[in-house]
Structure formats: C-alpha cells, structure tokens
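Me: Please take a close look at one part of the structure shown below, namely the place where its elements pack against one another. I am in my first year, and I would like one connected answer that goes slowly through the contacts.

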Amino acid sequence: AFFLWSFVFAWHEKESHQKVFSFELQPRIWLFASVCGLGGAVVLYFDVDPLMRHIKLTDFPTDFKTWTASTLFTLAFEQLFTGLAPFAFFFRLSHRRTIAFLLTVLFGVLILCLKLSSIHWLSPSILVLELVIARMAVAALSLYFYLRGGVFLFWWWCFLLQTRHWANWLW
C-alpha cells in the first residue's frame, strides 16, 4: 500500500497544480462534495444496497466496530486500488487527464463485472445496468474531488458515502 500511495502522490502536484494534502479551505467544492456524498449515500442506501444485500450480505457492516474497520479499509486501500492508483497509472501511460479519467472509470466497471461474475446469481439486466451506472458515478466523482481538493476532500466524500450504513443501527 505504501508503494501505491507513493505512486499516486508522485504525479499529483505536477498534474493538478495542487498539493496532495491541501489545507486551503475551498467552501464551494467542500459543500458540493458534502451534498454529493450525503445524496449519494441516500441513493446507495435506498436503491443499490438493498439489491446488493441479497447478492452479497457479507459486504455490509453489521455494527459500528465492523463499520469502522470497513470504512478505514475503504479510505486507505479500496479507493487507492480501484481509483487513485489506476488513474496515476493511466495518466503516466497517456499523459492526458481525460483519457486517464475515462480509463479509470472503465477500470472500476471492469472490477464490478469481475465481482458480479464471481457470484452465482441470476442477473437481471436492469440491476447490472444500475450497478454499472452507480459505479461509474462514484468513480468519476471520487476522481473529480481528488483532483480538485486533494486527499482530504477525497476522504471526506468517501466517508460520507460510508455513513449510509449508520441507518442500519440508528433506526
């Protein structure tokens, strides 16, 4: 993981013209990330998660301790492996942000398809389409927030998406 984080951070400042750990408060982008994060959490909780619970229940935390471990893993590793490191890789190959951005989103869809193919279930096409759209939106917004506000904004967005699981224990 240390190697991948260093791989990601090596290109960030040169490409985005921002520091990885930016301490500048940009209220508009933080507000936008907060609205998108909370809105995305609601959409995932009510629309995507119920479908996925029937397929792979073990992917959902059952208590606060499990949620904390899952969230820390998501913040430190999952987004790194599925978004930031592939973006850095594709950027170094193409030297074009748009191409790297699109290839990274498609890489996330590929990972989703591999995950779905490993589960034995009948896949209604509308469900697969919905999951692909959700994955593309999350991947695109994750990269957008990382490129606009650095890793703190990126982590904030990812944290807000994870708060959707709180509803399982609070209500």
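Reply: The protein chain holds 6 helices and 0 strands, and from the N terminus on its elements therefore read simply as α-α-α-α-α-α. What you see is a predicted model, and every value below was computed from it. Of the 171 residues in the chain, 42% are buried. Among the contacts with a separation of 6 or more, 76% join residues that are 24 or more positions apart. For a close look, I will take the helices α3, α4 and α5 and the ways in which they meet.

Let us begin with α3, which covers residues 64–94, and α4, which covers residues 97–117. These two helices pack at an angle of about 140°, and their axes are 8 Å apart. Because an angle counts as roughly antiparallel when it is over 145 degrees, α3 and α4 are described as oblique to each other. The crossing in which α3 passes α4 is right-handed. On the side of α3, the contact is made by F81, T82, G83, P86, F87, F90, F91 and S94, while α4 brings R97, I99, A100, F101, L103, T104, F107 and I111. Sorted by class, these residues divide into 11 nonpolar, 4 polar and 1 charged.

In the loop between α3 and α4 you will find H95. With a relative accessibility of 61%, H95 counts as exposed. Its phi is near 60°, which is a positive value in a residue other than glycine. Such a value deserves a second look because most residues other than glycine have a negative phi.

Next comes the pair of α4 and α5, where α5 spans residues 125–162. The axes of these two helices come within 9 Å and cross at roughly 140°, which makes α4 oblique to α5. This crossing, too, is right-handed. From α4 the contact draws on R97, F101, T104, V105, G108, V109, L112 and L116, and from α5 on L131, V132, R135, M136, A139, A140, L143, Y144 and L147. By class, the contact has 13 nonpolar, 2 polar and 2 charged residues. If you compare the lists, you will notice that R97, F101 and T104 of α4 take part in the contact with α3 and also in the contact with α5.

The third pair is formed by α3 and α5, whose axes come within 11 Å and cross at roughly 100°. That angle makes α3 roughly perpendicular to α5. Here W67, S70, T71, T74, L75, Q79, T82, G83, L84 and F87 of α3 meet R135, S142, L143, Y146, L147, F154, W155, C158, F159 and Q162 of α5. The classes in this contact are 11 nonpolar, 8 polar and 1 charged.

Two of the residues just named, W67 and F159, lead us on to the aromatic side chains. The structure holds 17 aromatic pairs, and one of them is formed by W156 and F159, whose ring centres lie 6.0 Å apart with the planes at 25°, so the pair is stacked. Both residues sit in helix α5, 3 residues apart, which is about one turn of the helix. W156 counts as partly exposed at 30% relative accessibility, and F159 is likewise partly exposed, with a relative accessible area of 25%.

This pair belongs to a cluster, for F64, W67, W156, F159 and W166 form one aromatic cluster. Its member W166 is placed in the loop between α5 and α6, the helix of residues 167–170. W166 is partly exposed, with a relative accessible area of 27%. Leaving aside its neighbours within four places in sequence, W166 is in contact with F64, W67 and F159. Its C-alpha atom is separated by 9.5 Å from that of T62, although the two residues are 104 residues apart along the chain.

A last example of residues distant in sequence involves E24, which lies in the loop between α1 (2–16) and α2 (27–55). E24 counts as exposed at 60% relative accessibility. The C-alpha atoms of E24 and G149 are separated by 8.6 Å, while the residues themselves are 125 residues apart along the chain.

Note on methods. Residues numbered from 1 in each chain as written. Predicted model: local features only at pLDDT ≥ 70, side-chain atom pairs only at ≥ 80, totals over all residues. Heavy atoms only, no water. Axes fitted to C-alpha atoms, helices over the stretch in contact; angles between N-to-C directions. Helix = DSSP H or I, 4+ residues; strand = E, 2+ residues; numbered from the N terminus. Parallel < 35°, antiparallel > 145°, perpendicular 65-115°, else oblique. Left-handed = near helix turned anticlockwise from the far one by under 90°. Contact = heavy atoms within 4.5 Å. Nonpolar A, V, L, I, M, F, W, Y, C, P; charged D, E, K, R; others polar. Phe/Tyr/Trp six-rings, centres within 6.5 Å; stacked < 30°, edge-to-face > 60°. Buried < 20%, exposed > 50% of the residue type's maximum accessible area, 1.4 Å probe, protein only.
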